[in-house]
Amino acid sequence: MIRGISLAYCCYLLLPMGLLLVGSVGDSWTNTLLPTGLTTRWYQDLWLDTSFRKAFGTSLVVALSACAINTVLALPLAYSLFHRAGQAGSWAARLVSAMPVAVPTITLGFGYMMVFNTDWLPWLGSLPLLIAAHTIYTLPYLTNTLLTDLKHLQLNALEDAAATLGASPWAQFSGVVLPNLRHSLISGLVMVAALSVGEFQLSNLLTSFQFRTYPVVLLQAFYGATGFACAATVILLLLAAMSALVSSSLGRKT
């Protein structure tokens with residue numbers, strides 16, 4: 001029974017991707033279960049579309065920038081929350097854990113629009129604001145991943161042992177904590193990259209015509225040919241996989 005449920009779940013996840021892949025090489029797909037004909041022209045049209053090529057690069061830059069900034073911010077934040085979990089800072093740890101669910105993405109987007117569309121802060125539509133928004137959006141996910149791993153590993157004993165040997169707080173953090181968090185950092189960065197690449201609501205509200213991300217440009221494909229839309233969606237999946245692969249490599253180096 002468990003195998004049957006697992007198989008059904010895999011089919012549920014993979015079937016839409018399979019249909020997109022088939023549709024991206026189908027010549028025509030109208031009122032039929034599967035497309036008819038075989039062609040690669042949709043990918044050729046996609047490559048010749050400059051707006052999609054530029055959006056592809058923008059999404060990659062935003063995702064990798066969010067991974068790099070999150071690495072710098074989430075590690076000390078999770079470490080600080082871990083050591084204050086039993087003190088007054090425990091509410092902060094719970095808040096970070098709940099933020100991905102408690103704060104809708106569209107709320108962040110409208111908040112940024114109100115703050116950064118003024119004479120004092122005319123940054124709406126800029127690439128730095130888009131990167132900052134994606135960083136703030138994904139930061140709780142990476143922080144919560146690291147915080148959960150810190151609790152699971154119970155590093156207090158190792159830190160106490162290092163302290164008795166004369167290790168400074170920085171030496172404890174860099175020599176004990178960071179090596180043990182390598183795997184959770186990698187998995188967290190993969191999550192950050194995937195979330196950033198696929199994020200639509202924030203990007204749609206904050207982006208300008210010059211810095212549109214791939215999901216924003218992808219929306220226009222669905223008003224055209226079905227094969228072109230399928231090909232564009234397949235490329236989005238490849239972009240997410242590429243971002244995850246690069247972020248994993250960065251995590252290993254960290």
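These exercises walk through a predicted model of one protein chain.

**Exercise 1. Describe the overall make-up of the protein chain: its helices, strands, burial and surface.**

Solution.
- Step 1: Start with secondary structure. The protein chain has twelve helices and zero strands.
- Step 2: Read along the sequence. The pattern is α-α-α-α-α-α-α-α-α-α-α-α.
- Step 3: Turn to burial. The protein chain has 254 residues, and 39% of them count as buried.
- Step 4: Look at the outside. About 14,200 Å² is exposed, and carbon and sulfur atoms supply 69% of that area.
- Step 5: Check the contacts. Take those in the protein chain with a separation of 6 or more: residues 24 or more positions apart account for 72% of them.

**Exercise 2. Find the largest nonpolar core and say which helices supply it.**

Solution.
- Step 1: Recall a general tendency. In soluble globular proteins, nonpolar side chains tend to be buried together.
- Step 2: Count the core. The largest one has 21 residues. Leu75, Leu142, Leu146, Leu150, Val177, Leu181 and Leu185 have the most contacts inside it.
- Step 3: Assign helices. H3 (50-83), H6 (127-153), H8 (169-180) and H9 (182-198) each supply at least two residues of this core.
- Step 4: Pick the main supplier. H3 gives the most, with eight residues.
- Step 5: Look beyond this core. Another core lies apart from it, with 18 residues, among them Ala63, Val197, Ala229 and Leu239.

**Exercise 3. Trace the surroundings of Leu75 and Phe173.**

Solution.
- Step 1: Begin with Leu75. Not counting residues up to four places away in sequence, Leu75 touches Asn70, Leu146, Phe173, Leu178, Leu181 and Leu185.
- Step 2: Move to Phe173. This residue is found in helix H8.
- Step 3: Judge its burial. The cut-off for buried is under 20% relative accessible area. Phe173 has 10%, so it is buried.
- Step 4: List its partners. Leaving aside neighbours within four places in sequence, Phe173 is in contact with Leu75, Tyr79 and Leu178.
- Step 5: Set sequence against space. Phe173 and Leu75 are 98 residues apart along the chain, while their C-alpha atoms are separated by 9.8 Å.

**Exercise 4. Which residues does Leu46 touch, and is Leu46 buried or exposed?**

Solution.
- Step 1: Place the residue. Leu46 is in helix H2 (residues 41-48).
- Step 2: Read its accessibility. The relative accessible area of Leu46 is 6%, so Leu46 is buried.
- Step 3: Name the contacts. Beyond four places in sequence, Leu46 touches Phe52, Tyr214, Phe228, Ala231, Ala232 and Ile235.
- Step 4: Follow one of these contacts, Tyr214. Tyr214 is in H11, where Pro215, Val216, Val217, Leu218 and Ala221 are buried along with Tyr214.
- Step 5: View that helix whole. H11 (residues 214-221) is mostly covered, with six of its eight residues buried.
- Step 6: Add a distance. Leu46 and Ala229 are 183 residues apart in sequence and 9.3 Å apart in space, C-alpha to C-alpha.

**Exercise 5. How many salt bridges and disulfides does the structure hold?**

Solution.
- Step 1: Count the salt bridges. There is one.
- Step 2: Name the pair. The side chains of Arg41 and Asp27 meet at 3.5 Å, N to O.
- Step 3: Locate both ends. Arg41 is in helix H2, and Asp27 is in the loop between H1 and H2, 14 residues apart.
- Step 4: Check their exposure. Arg41 counts as partly exposed at 34% relative accessibility, and Asp27 counts as partly exposed at 37%.
- Step 5: Count the disulfides. There are zero.
- Step 6: Look at two cysteines. Cys67 counts as buried at 1% relative accessibility, and Cys230 counts as buried at 6%.

**Exercise 6. Describe the nonpolar patch on the surface and the place of Met17.**

Solution.
- Step 1: List the members. Tyr9, Tyr12, Leu13, Leu14, Met17 and Leu237 form the patch.
- Step 2: Give the area. Together they have about 650 Å² of accessible area.
- Step 3: Find the main source. Helix H1 (residues 2-24) supplies the largest share, five residues.
- Step 4: Take one member. Met17 lies in helix H1. With a relative accessible area of 41%, Met17 is partly exposed.

Conventions. Residues are numbered from 1 along each chain as its sequence is written. This is a predicted model: local features need pLDDT of at least 70, side-chain atom pairs count only at pLDDT 80 or more; totals for chains, interfaces and linings use all residues. Side-chain values use heavy atoms; hydrogens and water are left out. A nonpolar core is a set of buried Ala, Val, Leu, Ile, Met, Phe, Trp, Tyr and Cys residues joined through side-chain atoms within 4.5 Å. Buried means under 20% relative accessible area, exposed over 50%, partly exposed in between (1.4 Å probe, protein chains only). Helices (H or I, at least four residues) and strands (E, at least two) are DSSP runs, numbered from the N terminus. Contact means heavy atoms within 4.5 Å. Patches are made of residues with over 30% relative accessible area and no salt bridge: like charges are joined within 9 Å, nonpolar side chains (Val, Leu, Ile, Met, Phe, Trp, Tyr) within 5 Å. Accessible areas come from the Shrake-Rupley method with a 1.4 Å probe; for residues, only the protein chains shown count as cover. A salt bridge is a side-chain nitrogen of Lys or Arg within 4 Å of a carboxyl oxygen of Asp or Glu. A disulfide is a pair of cysteine sulfur atoms within 2.5 Å.
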